[in-house]
Amino acid sequence: MIKRAILFGGKAIVSVMDTTSTVNEAVRLHGFSQPAAVAMGKALTLAAFMSAGFKGVGNKLTLIIDGDGKGGKMVVCGDYGAKVRGYMENPKACEGEDAKVCDVVGKNGSLNVIKDFGLKEPYNGLSQIVNGNIDEDFAFYFTTSEQLPSAVALGVKMKDGICQKAGGIVVQPMPNCSEEEIFILQDIVSNFTDVAALLCEKNAEEIIDFYFGHFEISHLPDVYEEYKCSCSRSRIEEMLITLGKDEALDIIKTQGEIKVGCEFCNSEYVFTKDDVQRLFR
């Protein structure tokens, strides 16, 4: 669940996410090592937060974290309603090691944020990786690329290959937020040093009420995020149609069948010669 509230009568927004089930689904699908699961869990939580604010059903988000860490490139997508998915080039990165998130992500590289709102051109934001921890990297991105100074605290607690708790807290002051109010928020955010442990003690609503309830506060509707892939056999069929009948049959002739795999959920779609003939009939 994602809980959100407006503070100071509209001068700031706080979002608290519990993404434990989403991270566990990602681990089940991809078999992430424990350090890689922590890194992916943080990225999925960020994608859930960003896509929870989408207004249009067709709005889409893509986060590309391209660092020099052992995990390689990470790609995370979010759709309207905080439906997220992601993959990592090396999901077994740092397996068996006492590694940090920055070892998986890397300390050098770039963050690319693509938002597609159905307009002529999608929004494309770019910033540098600060330290590979993802929290600070995206706090820097929001400040420099979207001119929206943000406090970002993310946490994932893993044990024996299972996510015990995952989530995040993001506080974003609006342009009309005063320096005094920003100072108050910064002081509160300094308490969020271990978000996963905090979420084990309090749920999202309790965190907002405990830390921010004494301000002028109004709650926004809850958003129920989940790990959900958008692939389907019909979408792959559309792709094959754009490929063309001759080229599709040429692949069948060479390989005996067409296999198309999804990197986000590891599903595999197989098309025989009869399938292709039927598709183009």
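# Exercises: strands, helices and loops

The axes of helix H9 (residues 245-255) and helix H10 (residues 273-280) cross at roughly 175° and come within 10 Å of each other. Keep that pair in mind for the opening exercise, and remember that you're looking at a predicted model.

## Exercise 1: a pair of helices

**Task.** Work out how H9 and H10 are oriented to each other, and list the residues of H9 and H10 that make the contact.

**Solution.**
- Step 1. Start from the crossing angle, which is roughly 175°.
- Step 2. Check it against the cut-off: angles over 145 degrees count as roughly antiparallel. H9 and H10 are therefore roughly antiparallel.
- Step 3. Now go to the contact itself. H9 brings Lys 245, Ala 248, Leu 249 and Ile 252, while H10 brings Lys 273, Val 276, Gln 277 and Phe 280.

## Exercise 2: the five-stranded sheet

**Task.** Find the order of the strands in the open sheet of five, and say which ones are edge strands.

**Solution.**
- Step 1. Walk across the sheet and you get E8-E9-E2-E1-E10, with antiparallel pairing.
- Step 2. Look for strands that pair on one side only: these are E8 (151-159) and E10 (217-219). On average, neighbouring strands here are turned by 15° against each other, ignoring direction.
- Step 3. Go through the pairs. E8 and E9 are antiparallel and share nine bridges; in this pair, Ala 153 sits opposite Ile 169 of E9.
- Step 4. E2 and E9 are also antiparallel, with seven bridges, and Asp 18 faces Gly 167 in E9.
- Step 5. At the other end, E1 (residues 2-7) pairs with E10 through three bridges, again in the antiparallel sense. Ala 5 has His 219 in E10 as its bridge partner.
- Step 6. Zoom in on the turn between E8 and E9. The two strands make a hairpin with two residues between them, and Asp 160 in that turn has a positive phi of about 55°.

## Exercise 3: what covers the sheet?

**Task.** Which helices lie across E9, and how many of the residues of E9 are buried?

**Solution.**
- Step 1. Take H1 (residues 20-30): this helix lies across E2 (12-18), E8 and E9 (162-173), and runs at about 130° to E9.
- Step 2. Add H5 (residues 179-189), which lies across E1, E2, E8 and E9 at about 165° to E9.
- Step 3. Count the buried residues of E9: 10 of its 12 are buried, so to speak "mostly covered".

## Exercise 4: one face of a helix

**Task.** Which residues of helix H7 (residues 204-212) are buried, and why do they line one face?

**Solution.**
- Step 1. Buried means under 20% relative accessible area. In H7 that picks out Ala 204, Ile 207, Ile 208, Tyr 211 and Phe 212.
- Step 2. Look down the axis of H7: these buried residues fall within an arc of 95°, so they line one face of the helix.
- Step 3. The spacing helps you see the pattern. An α-helix has 3.6 residues a turn, so residues three or four places apart point the same way.
- Step 4. Ask what the buried residues of H7 pack against: E1, E2, E9, H5, H6 (195-201) and E10.
- Step 5. Finish at the N-terminal end of H7, which Asn 203 caps with a side-chain oxygen 3.2 Å from the backbone nitrogen of Glu 205.

## Exercise 5: the six-stranded sheet

**Task.** Give the strand order of the open sheet of six strands, and name the helices H2 and H4 by the strands they lie across.

**Solution.**
- Step 1. The order is E7-E6-E3-E4-E5-E11, and the pairing is mixed.
- Step 2. E7 (123-128) and E11 (226-227) are at the edges with a single partner strand each, so one side of each has no neighbour in the sheet.
- Step 3. Pick one pair: E3 (residues 60-67) and E4 (residues 74-79) run antiparallel and are joined by six bridges. Ile 64 has Val 75 of E4 as its bridge partner.
- Step 4. H2 (residues 34-52) lies across E3, E4, E5 (83-88), E6 (109-116) and E11, at about 150° to E5.
- Step 5. H4 (residues 135-145) lies across E3, E6 and E7, at about 125° to E7.

## Exercise 6: a loop residue

**Task.** Is Gln 147 buried or exposed?

**Solution.**
- Step 1. Locate Gln 147 in the loop between H4 and E8.
- Step 2. Its relative accessibility is 57%, so Gln 147 counts as exposed.
- Step 3. Check the backbone too: Gln 147 isn't a glycine, yet has a positive phi of about 50°.

Methods
Residues numbered from 1 in each chain as written. Predicted model: local features only at pLDDT ≥ 70, side-chain atom pairs only at ≥ 80, totals over all residues. Heavy atoms only, no water. Pairing = 2+ DSSP bridges. Helix = DSSP H or I, 4+ residues; strand = E, 2+ residues; numbered from the N terminus. Axes fitted to C-alpha atoms, helices over the stretch in contact; angles between N-to-C directions. Contact = heavy atoms within 4.5 Å. Buried < 20%, exposed > 50% of the residue type's maximum accessible area, 1.4 Å probe, protein only. Arc of directions from axis to C-beta. Polar contact = N/O pair within 3.5 Å; in protein donor to acceptor, adjacent residues only side chain to side chain. Parallel < 35°, antiparallel > 145°, perpendicular 65-115°, else oblique.
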